[in-house]
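Hi,

Here is the structure I promised to pass on. Have a look at it first, and then read my notes underneath.

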Amino acid sequence: MADETKKVCPECNGDKKIDGTCVCNMEWRGTQKGDEWDDCQCSKEETCPVCQGTGFVS
């Protein structure tokens with residue numbers, strides 16, 4: 001048994017990254033793009049903390 005048994009990460013489903021989330025609220029202003037305001041604020045995608053970006057857990 002040279003190969004270690006690996007299971008697909010339950011947190012990211014093997015994608016290695018977790019998508020960012022967006023929150024939209026017209027009561028507060030997000031970021032200004034040119035002359036217009038974008039009412040949504042989005043977080044960036046990040047490396048999965050459960051599998052550290054491998055996509056698998058042992």
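**Cysteine pairing and the rest**

Counting the bonded cysteines along the protein chain in sequence order, the pairing comes out as 1-4, 2-3. Before I go further, please keep in mind that this is a predicted model.

There are also cysteines outside that scheme. C12 is in no disulfide, and the nearest cysteine sulfur, which belongs to C51, sits 3.8 Å away. A disulfide needs sulfur atoms within 2.5 Å, so that distance does not qualify. C12 has 5% relative accessibility, so it counts as buried. C48 is in no disulfide either: the nearest cysteine sulfur is that of C9, at 3.7 Å. With a relative accessibility of 1%, C48 counts as buried too.

**The two bonds**

How many disulfides does a search of the whole structure find? The search returns 2.

One of them joins C22 and C42, with the sulfur atoms 2.0 Å apart. The angle about that S-S bond is 110°, and the link is right-handed. This pair bridges distant parts of the chain: C22 belongs to strand β3 (residues 22–24) and C42 to strand β6 (residues 40–42), with their positions 20 residues apart in the numbering.

C24 and C40 make a disulfide as well, with 1.8 Å from sulfur to sulfur. The torsion about their S-S bond is about 105°, so this disulfide is right-handed. Since C24 lies in strand β3 and C40 in strand β6, the pair ties together parts that are 16 residues apart in sequence.

Are the two ends of the C24 and C40 bond buried or exposed? C24 has 52% relative accessibility and counts as exposed; the cut-off for that is over 50%. C40, at 22%, counts as partly exposed, where buried would require under 20%.

**The chain as a whole**

The protein chain has 8 strands and 0 helices. Read from the N terminus, the elements go β-β-β-β-β-β-β-β.

Of the 58 residues in the protein chain, 12% are buried. The chain exposes about 5100 Å², and 48% of that is supplied by carbon and sulfur atoms. As for contacts, take those in the protein chain with a separation of 6 or more: residues 24 or more positions apart account for 57% of them.

**Strands β4 and β5**

T31 has its place in strand β4 (residues 31–33). Its relative accessible area is 40%, so T31 is partly exposed. Which residues does T31 touch, leaving aside its neighbours within four places in sequence? The contacts are with E36, W37 and D38. From T31 to Q41 the C-alpha to C-alpha distance is 7.4 Å, with 10 residues of separation in sequence.

W37, one of the residues in contact with T31, lies in strand β5 (residues 36–38). W37 has 41% relative accessibility, so it counts as partly exposed. The C-alpha atoms of W37 and M26 are separated by 10.0 Å, and these two residues are 11 apart along the chain.

**Two positive phi values**

Two loop residues are worth a look when you go through the backbone. K16 has a phi near 75°, a positive value in a residue other than glycine. You will find K16 in the loop between β1 (7–8) and β2 (17–18). With a relative accessible area of 42%, K16 is partly exposed.

Q52 is another residue other than glycine with a positive phi, here near 55°. Where does Q52 sit? Q52 is in the loop between β7 (46–47) and β8 (56–57). Its relative accessible area is 59%, so Q52 is exposed.

**Where to start**

If you open the model today, I would begin with strands β3 and β6, where C22 and C42 are found, and where C24 and C40 lie as well. After that, turn to C12 and its nearest cysteine sulfur, that of C51, and then to C48 and its nearest cysteine sulfur, that of C9.

Cheers

Definitions and conventions: Residues are numbered from 1 along each chain as its sequence is written. This is a predicted model: local features need pLDDT of at least 70, side-chain atom pairs count only at pLDDT 80 or more; totals for chains, interfaces and linings use all residues. Side-chain values use heavy atoms; hydrogens and water are left out. Helices (H or I, at least four residues) and strands (E, at least two) are DSSP runs, numbered from the N terminus. Buried means under 20% relative accessible area, exposed over 50%, partly exposed in between (1.4 Å probe, protein chains only). Contact means heavy atoms within 4.5 Å. Accessible areas come from the Shrake-Rupley method with a 1.4 Å probe; for residues, only the protein chains shown count as cover.
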